[in-house]
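Open the structure in your viewer and keep the selection panel at hand. We will go from the whole chain to single residues, one stop after another.

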Amino acid sequence: KGLIAAGEKTADWYKFKLKKNKKIKINITGEVTGTLKVIVYYKGKKNYTYNFTGGSAQIKTLYGKSKKGTYQIKVVRSGSLSSGTYTLKWK
C-alpha cells in the first residue's frame with residue numbers, strides 16, 4: 001500500500017525476484033487525482049510504463065512467461081498535481 005502526495009518529489013519502490021521463468025501478474029487499485037506512473041524495471045532497465053488513473057487495473061506487460069531475475073516497480077506522480085492512494089500486488 002502506498003500514498004503519493006501532490007507536490008512531493010519522492011517515489012515508492014518495490015522489488016521482487018523470480019527464481020525461474022514463470023507467469024506473473026501485477027495488479028493495482030486505488031483512488032487517484034491525476035495520474036500515477038507505474039514503471040517496471042527488469043535487471044535495472046526500464047521495461048514498461050503504465051499510467052494509472054484510479055480504480056482497478058491489471059498491468060499486462062508481464063503476461064506470458066517472465067524471465068528469471070530481479071524486477072523493480074516504481075510508482076511516481078506523472079504531474080505536479082497528481083496524488084493518490086494505491087495498493088500494488090504481484091504474484
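Throughout this tour, a contact means heavy atoms within 4.5 Å. Before selecting anything, note that this is a predicted model, where local features need pLDDT of at least 70, side-chain atom pairs count only at pLDDT 80 or more, and totals for chains, interfaces and linings use all residues. Residues are numbered from 1 along each chain as its sequence is written, and side-chain values use heavy atoms, with hydrogens and water left out.

**Stop 1: the whole chain**

Show the protein chain as a cartoon: you will find 0 helices and 10 strands (DSSP runs numbered from the N terminus, with H or I of at least four residues for helices and E of at least two for strands). Its C-alpha trace spans about 40 × 25 × 20 Å along the principal axes. The radius of gyration, taken over C-alpha atoms, is 13 Å, which agrees with the value near 12 Å for a compact globule of 91 residues (the rule is 2.2 Å times the number of residues to the power 0.38). Contacts between residues 24 or more positions apart make up 76% of those with a separation of 6 or more. Of the 91 residues, 37% count as buried; here buried means under 20% relative accessible area, exposed over 50%, and partly exposed in between, with a 1.4 Å probe and protein chains only.

**Stop 2: the open sheet**

Now select β2, β9, β5 and β6. They form an open sheet of 4 strands in the order β2-β9-β5-β6, with antiparallel pairing (two strands pair if DSSP finds at least two bridges between them). Which strands stand at the edges? β2 and β6 do, each with a single partner strand, so one side of each has no neighbour in the sheet.

Zoom in on one edge: β2 and β9 pair over 7 bridges, and Asp12 has Val75 in β9 as its bridge partner. At the other edge, 7 bridges join β5 to β6 (residues 45-52); look there for Val38, which stands opposite Tyr50 in β6.

**Stop 3: the hairpin turn**

Follow β5 into β6, a hairpin with 2 residues between the strands. Select Lys43, in the loop between β5 and β6. Most residues other than glycine have a negative phi. Lys43, however, has a positive phi of about 50° although it is not a glycine. Is this residue, Lys43, buried or exposed? Lys43 is exposed, with a relative accessible area of 59%.

**Stop 4: the nonpolar core**

Next, show side chains for Ile28, Ile73, Val75, Tyr86 and Leu88, the residues with the most contacts inside the largest nonpolar core, which has 20 residues. Such a core is a set of buried Ala, Val, Leu, Ile, Met, Phe, Trp, Tyr and Cys residues joined through side-chain atoms within 4.5 Å. Elements giving two or more residues to this core include β4 (26-33), β7 (55-59) and β10 (83-90), while β5 gives the most, with 4 residues.

Centre on Tyr86. Leaving aside neighbours within four places in sequence, its contacts include Lys1, Ile4, Asp12, Tyr14, Ile28, Leu36 and Val75.

**Stop 5: Ser83**

Finally, select Ser83 in strand β10. At 18% relative accessibility, Ser83 counts as buried. Not counting residues up to four places away in sequence, Ser83 touches Ile4, Ala5, Ala6, Glu31, Val32, Thr33 and Leu36.
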